[in-house]
Amino acid sequence: MMAFSLGGLNFPSSPVCRASFTSCSSSSPSSLSLDAAYIKRAAELADRSSGFTAPHPNFGCVIATTSGTGERVVAGEGYLYAQGTTPAELQAVEAAGERCRGATAYLNMEPNHYLGDQSAVSALVQAGISRVVIGIRHPLQHLRGKAVRAFRSEGLLVDVLGEDLQCKTVEECLKSCLLVNAPLLYRAACRVPFSVLKYAMTLDGKIATSNGHASWISSKKSRTRVFELRGRSDAVIVGGNTVRQDNPRLTARHGGGHLPQRIVMSKSLDLPEVANLWDVTEVPTMVATQRGAKRSFQKFLASKGVEVVEFEILNPKVVMEYLYDRGCLSVLWECGGTLAASAISSGIVHKVDAFVAPKIIGGRNAPSPVGELGMVEMSQALELIDVHYEQVGPDMLVSGFLHPVPDLTPVIPSMDETSAIDPTVSPYEASIIFFYKTWDPYGAFSNFSLHPICLPDENGDYYSWPSVEHYYQAYKFVGLDDPVARNCLEEIKNAKSPEEAARLGRKTQRQRPDLVRSDWESVKTDIMYRALKCKFSTYHNLNSMLVSTVGSVLVEASPHDLFWGGGRDGEGLNYLGRLLMQLRSEFLSDSKSNAADNNTRRQEGNEVRKSP
């Protein structure tokens with residue numbers, strides 16, 4: 001791991017320090033400045049979908065070339081909108097066209113490259129790109145370094161910041177690349193989602209009056225900023241006291257597409273029966289509680305459509321580990337002081353966003369943002385690093401990190417490198433293969449993966465569906481003579497991402513179950529199987545990937561989907577995994593049958609040649 005400072009943020013140094021930013025490489029200062037500027041632009045592009053889609057690895061791409069006058073100009077740009085959508089690199093190539101020949105591509109992060117998805121690397125190679133500059137390597141172990149090696153094997157020049165470009169000039173753009181994918185970096189390094197503690201307090205450090213009144217401490221501009229923070233999160237967490245005192249909605253209300261799940265942590269379930277969070281018409285709510293707590297209230301919540309998850313011992317660490325398994329990248333804590341102190345003590349809060357209002361309310365019993373941490377001396381105080389100050393209306397936003405942004409420059413050999421050293425080491429020894437998010441090692445098995453399929457639409461005409469999920473959600477409403485159902489179907493067909501298609505289909509099914517075809521429960525597995533078979537028959541690399549798993553149990557690792565997924569403790573039905581294993585058996589059977597036919601034909605041919 002390289003030694004590197006991000007503002008006041010010091011990264012640990014490995015025994016082998018390959019980049020100190022003290023000596024420039026052979027590149028000229030002017031060319032390094034251009035490289036840095038284009039990488040920063042790629043990082044800015046990568047952040048564009050934040051708030052509009054669920055958090056995902058952020059990719060941006062800038063293709064720059066030399067104009068007729070000798071100046072460097074941007075030929076094409078692109079960014080990943082959501083998981084399962086067109087890669088940033090492919091968008092940039094399409095925008096640049098013929099100007100890609102001999103051009104340089106700037107990527108804020110190494111792209112995905114594995115058997116299930118090689119589109120990003122292929123797009124740049126086939127377009128004639130001659131050089132690729134990469135901000136950071138991919139932090140996920142199964143993707144780390146693979147695209148870099150693929151580019152180099154195709155003869156492209158590859159420069160990685162901090163490895164091949166080691167100059168003070170690139171320090172700020174490397175910082176941009178780290179920050180834009182901070183949630184992914186923290187998730188990869190800490191195995192919990194990136195956690196931000198947000199609170200608003202008065203100048204004298206109070207988050208409410210002595211009687212609990214807190215509306216409003218911060219200004220309208222600050223509250224609008226909070227909506228943006230929520231939109232960047234997979235989930236927003238509060239405690240039971242916040243529900244009782246404030247009755248919050250915790251919606252994003254930003255006009256974008258993504259609405260984070262609301263999560264209430266309560267050991268005793270001493271919660272009101274009437275609360276805004278129990279309305280799940282637009283946004284889902286989950287209540288995390290201790291096993292056995294108030295069974296009657298659990299049934300009441302379930303009747304409202306609220307998901308209840310029980311833990312043996314409820315604390316912030318186990319909830320974050322659960323949300324990690326659920327695929328979350330980023331979580332926003334908007335809790336009171338007691339839960340905030342517990343979360344900080346657990347070591348799972350990585351960043352703090354504090355809105356300080358120019359107000360004083362006093363009060364000996366007025367609550368503060370963080371409860372008891374057990375500190376008795378100022379030398380024990382937690383100091384924020386890489387602190388930023390921003391005026392938001394009349395308020396001051398103070399933000400900083402409690403833990404450094406992980407810099408995962410590789411010092412531990414990747415699995416490929418380990419296998420090269422010791423051939424007896426296999427990446428996938430286990431007899432169970434899990435898949436869930438599209439960026440997982442077997443993410444191409446997901447119905448959200450970017451693999452368009454050609455199947456009939458509602459009119460019987462063949463249509464190119466952007467993903468299996470688009471097809472599956474749309475077929476909930478096929479054959480219904482209702483304008484609302486037809487409109488929903490059309491919106492799903494045109495959805496910009498599988499995530500958006502799923503949100504549209506699920507929302508309509510939840511709000512208007514009468515619009516869903518009457519035979520849906522009996523045909524939905526057949527419809528999913530039809531889509532999966534088309535996908536794995538169309539893409540040879542996916543077929544090979546699926547067949548290569550023979551002997552392993554395939555499990556869709558969603559901890560909350562008990563029909564398609566395996567569930568949290570294996571209680572799910574895992575129908576997606578079952579269908580893939582059924583499809584695998586079908587492909588293997590066809591392969592054996594074809595091999596037998598070919599063998600028979602060869603034998604018959606040999607007999608013919610032997611005949612006089």
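**Close-up 1. E334 and its salt-bridge partner R230.** In this predicted model, E334 is buried, since its relative accessible area is 11% and the cut-off for buried is under 20%. Its partner R230 counts as buried too, because its relative accessibility is 8%. The two side chains meet in a salt bridge, with 2.6 Å from N to O. Follow the chain and you'll see that this pair links distant parts: R230 belongs to helix 7 (residues 220–231), while E334 sits in the loop between strand 13 (330–333) and helix 11 (337–345). In sequence, R230 and E334 are 104 residues apart.

**Close-up 2. D159 and R131, a salt bridge between two strands.** Here the closest N and O atoms of D159 and R131 are 2.9 Å apart. D159 comes from strand 7 (residues 157–160) and R131 from strand 6 (residues 131–136). The pair links distant parts of the chain, 28 residues apart. Are D159 and R131 buried or exposed? Both of them are buried. For the wider picture, the structure holds 25 salt bridges.

**Close-up 3. E310, R291 and their network.** E310 forms a salt bridge with R291, and the closest N and O atoms lie 3.6 Å apart. E310 is in strand 12 (residues 307–311), whereas R291 is in the loop between strand 11 (285–290) and helix 9 (295–303), so the pair ties together parts 19 residues apart in sequence. E310 is buried, with a relative accessible area of 14%. R291, on the other hand, counts as partly exposed, because its relative accessibility is 41%. Look around the pair and you'll find a network of salt bridges that links R291, R295, E310 and E312.

**Close-up 4. The largest nonpolar core, seen around I129.** This core has 129 residues. Which residues have the most contacts inside it? They are I63, I129, F151, W278, F445, L532 and F536. Helix 16 gives the most to the core, with nine residues. Zoom in on I129 and you'll see it touching I63, C100, A103, A105, L124 and L156, leaving aside residues up to four places away in sequence. A second, separate core has 32 residues, including M286, C335, I344 and A354.

**Close-up 5. Helix 16 packing on helix 17.** Helix 16 (residues 520–538) and helix 17 (residues 540–547) pack at an angle of about 105 degrees, so they are roughly perpendicular to each other. Their axes are 5 Å apart. On the helix 16 side, the contact is made by K535, F536 and T538. Helix 17 brings H540, L542, N543 and L546. By class, the residues of this contact divide into three nonpolar, three polar and one charged. F536 may look familiar: it is one of the residues with the most contacts inside the largest nonpolar core.

**Close-up 6. Helix 5 meeting helix 6.** The axes of helix 5 (residues 171–180) and helix 6 (residues 182–190) come within 4 Å. They cross at roughly 70 degrees, so these two helices are also roughly perpendicular to each other. Which residues in helix 5 meet helix 6? L178, L179 and V180 do, and in helix 6 they meet A182, P183 and L185. The contact of helix 5 with helix 6 has six nonpolar residues, no polar ones and no charged ones.

Key:
Residues are numbered from 1 along each chain as its sequence is written. This is a predicted model: local features need pLDDT of at least 70, side-chain atom pairs count only at pLDDT 80 or more; totals for chains, interfaces and linings use all residues. Side-chain values use heavy atoms; hydrogens and water are left out. Axes are lines fitted to C-alpha atoms, for helices over the stretch in contact, and angles run from 0 to 180 degrees between N-to-C directions. Angles under 35 degrees count as roughly parallel, over 145 as roughly antiparallel, 65 to 115 as roughly perpendicular and the rest as oblique. Contact means heavy atoms within 4.5 Å. Ala, Val, Leu, Ile, Met, Phe, Trp, Tyr, Cys and Pro count as nonpolar, Asp, Glu, Lys and Arg as charged, and the others, Gly among them, as polar. A nonpolar core is a set of buried Ala, Val, Leu, Ile, Met, Phe, Trp, Tyr and Cys residues joined through side-chain atoms within 4.5 Å. Buried means under 20% relative accessible area, exposed over 50%, partly exposed in between (1.4 Å probe, protein chains only). A salt bridge is a side-chain nitrogen of Lys or Arg within 4 Å of a carboxyl oxygen of Asp or Glu.
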